Amino acid sequence: MKLRLESFGELRLIDLAGQPVAFPEKGLLAICYLLDRYLQNGAGSEYPRSALARFLWDSHDNPDIMANLRKTISRIQARQTELGTELLIFTATGVRIKSDAFVCDLFELAKPDGGGALENLRRLVAVLRQDFLAVLADQSVSTQQWIAGQRDRHMAILVDALKTALPTARSREDISLIKEAALRIFRDAPDDENIRRILVEAYESEGQLENARRLFEASRHGLESALDIGLDVQALREVRKVFAGSQSPPSVMEPLSDGGSRVARPLPRLVLLPPGGMDAAGALPMLCGPLIEDVTIGLCALNTVSVVAPHTAARIAGHADKAELILRHSISYVLDTRLTDHALFVQLIHASGDEVIWAERFNLEKYDLISHRRDIAQRIARELAGQVRRHETMRHSFEGNSAAYHSYLLGLRDVKRLSLPDIRRSRKAFREALQHSAHFAPALSGLSRTFVVEWLLTARGDRELLGLAEDYANRAIVADPSLAAGFRELGVAKLYLGDIDESLLALKLAEELSPHYADGIASYADTLVHASRPADALIKIDRAISLNPLSPTDYLWTAAGANFALGHYTEALEQISAMDDRTPADRLSAACWAMLGDMKNARLYMRKVREIYPDFDVDKWLSVVPFKEQWQKEQYREALRRAGF
């Protein structure tokens with residue numbers, strides 16, 4: 001019985017009549033994974049059971065994954081017996097696929113180009129209309145990374161086929177095929193200038209240039225129409241007026257054959273510094289240098305960033321004055337790397353502002369670095385490209401307006417300090433930035449934050465402050481729907497307005513837009529505390545701290561709040577003690593000491609709070625602080641009462 005495995009779109013097995021055939025999903029995923037190894041490397045030999053278990057469940061420290069694998073194998077073998085065919089063959093220690101027992105859409109990607117460039121492109125477009133494994137119920141981290149890598153590889157295959165077919169396209173049908181392929185690539189890479197140019201020329205040849213303009217505009221504002229979390233319609237109108245009066249049409253829509261010349265914007269320069277200690281003993285230090293070179297080579301294929309060669313990067317890394325060399329060579333971004341205990345820590349820094357844009361820790365114990373080096377390199381390269389692109393988009397929107405940018409940076413500095421004078425100084429700076437550029441989304445989101453922080457610090461329950469925070473967050477989202485900060489601030493405002501579910505939704509969107517945005521993840525954690533999910537909150541705040549190890553005060557405050565809700569009062573006090581300024585957490589300190597039975601310290605912190613907020617009232621405060629479940633509010637009330645409030 002010859003079956004067909006479909007992996008693009010929904011993962012399913014179908015029979016000769018086109019009817020779905022039931023089969024364990026993990027079994028189908030294993031077939032895809034082993035088939036990919038077979039098609040790329042000719043690796044048709046037996047694959048270790050333990051490695052397959054780690055791929056499927058991503059828990060190499062958990063002994064249960066082998067039990068999970070045994071149960072899955074049992075279900076697969078029982079189903080194969082019912083079907084009277086073997087797709088997977090299991091031995092005592094391994095597994096291999098029986099590739100002649102089924103056909104699969106993945107085979108289409110491996111076919112030689114026998115019918116010409118256009119026919120090859122037509123075949124690939126038909127296969128790649130849907131994402132690889134677009135619908136998969138349960139994915140481990142390893143599975144997610146592999147799927148992302150496969151999708152990138154598939155797009156690279158399609159891009160190569162498009163480039164090959166482009167010179168041979170003559171007829172209207174050929175142009176239509178070229179446009180369809182470019183549209184598919186555009187869906188995954190909307191900022192690729194080459195693809196945009198191909199689309200413009202294809203639409204222009206069909207007399208539909210206006211359709212191209214609409215396509216690019218829809219791409220830029222796609223989130224605006226897809227979300228329904230109370231966007232301010234009036235703000236939308238006002239910001240659109242600003243855009244209509246101040247923005248020029250995208251340069252991609254300029255005629256491509258007008259004989260004129262354009263001044264190209266210089267590409268930002270990126271240097272990847274290899275980690276220190278490369279001369280240490282062991283395989284890990286030895287392989288980290290080639291790993292960074294792999295990332296560099298991968299980035300060299302992009303047309304959105306200029307990458308400093310590895311030799312120069314190594315010289316900069318070893319120089320006593322790195323900053324001077326970075327300035328001398330006009331480097332915009334630095335990827336700093338550090339090798340710690342079985343982990344590679346990387347952080348992307350915007351050189352001129354010394355600002356950490358992105359950070360990640362790669363636990364190299366989880367990988368066989370020899371065989372997975374390029375997988376890790378692809379993931380780092382993909383993240384770097386995206387982060388630089390997003391940061392450049394924000395930076396370009398401020399080019400030529402140094403006064404506004406200066407004001408914004410001042411506001412950003414002061415808003416991180418949790419005191420009323422600093423918050424109000426920050427608000428003034430953000431307002432000055434908006435006087436120069438009224439549609440600048442980061443300044444709008446910064447203003448929103450100042451109102452929320454003031455609401456927290458004054459503890460008066462002033463809903464007007466929260467209303468202003470919500471309004472400016474909405475304006476930030478409308479000004480730039482791709483910026484995670486706007487959704488973060490909307491989520492925080494919604495939380496204190498009592499809309500916990502909407503808060504969680506907005507913060508989830510912020511995390512999806514920018515998975516390494518530490519401040520957004522920290523706010524997500526704070527909302528989870530108020531949603532009476534303190535254990536989930538601790539996981540999130542630990543993630544935020546790992547991305548931003550020299551953590552701001554509010555990260556530690558959130559971690560302390562989560563520990564308090566879990567009854568871990570000593571741990572909460574440890575988090576508070578690590579804060580640079582512990583004053584904002586004095587109420588929480590008093591509550592923790594009271595629950596531990598230390599009335600002396602509880603009274604001490606109670607008096608500190610009274611000195612700053614003499615009219616603080618427990619019941620009034622708890623009436624405006626949102627908690628999803630009543631037990632959490634009663635826990636806080638009891639603690640503050642014990643402390644003497």
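Here are three short exercises on a predicted model, each with a worked solution.

Residue numbers start from 1 along each chain as its sequence is written. Local features need pLDDT of at least 70, side-chain atom pairs count only at pLDDT 80 or more, and totals for chains, interfaces and linings use all residues, while side-chain values use heavy atoms, without hydrogens and water.

**Exercise 1.** Work out which strands stand at the edges of the three-strand sheet, and why.

Solution. Start with the ground rules: strands are DSSP runs of E with at least two residues, helices are runs of H or I with at least four, and both are numbered from the N terminus. Two strands pair if DSSP finds at least two bridges between them. Now read the order, 4-6-5, in an open sheet with antiparallel pairing. Strand 4 (47-48) and strand 5 (88-90) each have a single partner strand, so one side of each lacks a neighbour in the sheet. For a closer look, find the two bridges between strand 4 and strand 6 (residues 94-97); Pro48 has Gly94 as its bridge partner.

**Exercise 2.** Find the edge strands of the four-strand sheet.

Solution. The order is 3-2-1-7, and the pairing is mixed. Strand 3 (20-21) and strand 7 (102-104) pair on one side only, making them the edges. Elsewhere in the sheet, strand 1 (residues 3-6) runs antiparallel to strand 2 (residues 12-14), with three bridges, and Leu5 sits opposite Leu13.

**Exercise 3.** Decide whether Leu622 is buried or exposed, and list its contacts beyond four places in sequence.

Solution. First, locate Leu622 in helix 28 (residues 618-624). Next, check the cut-offs: buried is under 20% relative accessible area, exposed over 50%, partly exposed in between (1.4 Å probe, protein chains only). Leu622 has 1% relative accessibility, so it counts as buried. Finally, look for contacts (heavy atoms within 4.5 Å): Leu622 touches Phe627, Lys633, Tyr636 and Arg637. Lys633 is eleven residues away along the chain, with 6.9 Å between its C-alpha atom and that of Leu622.
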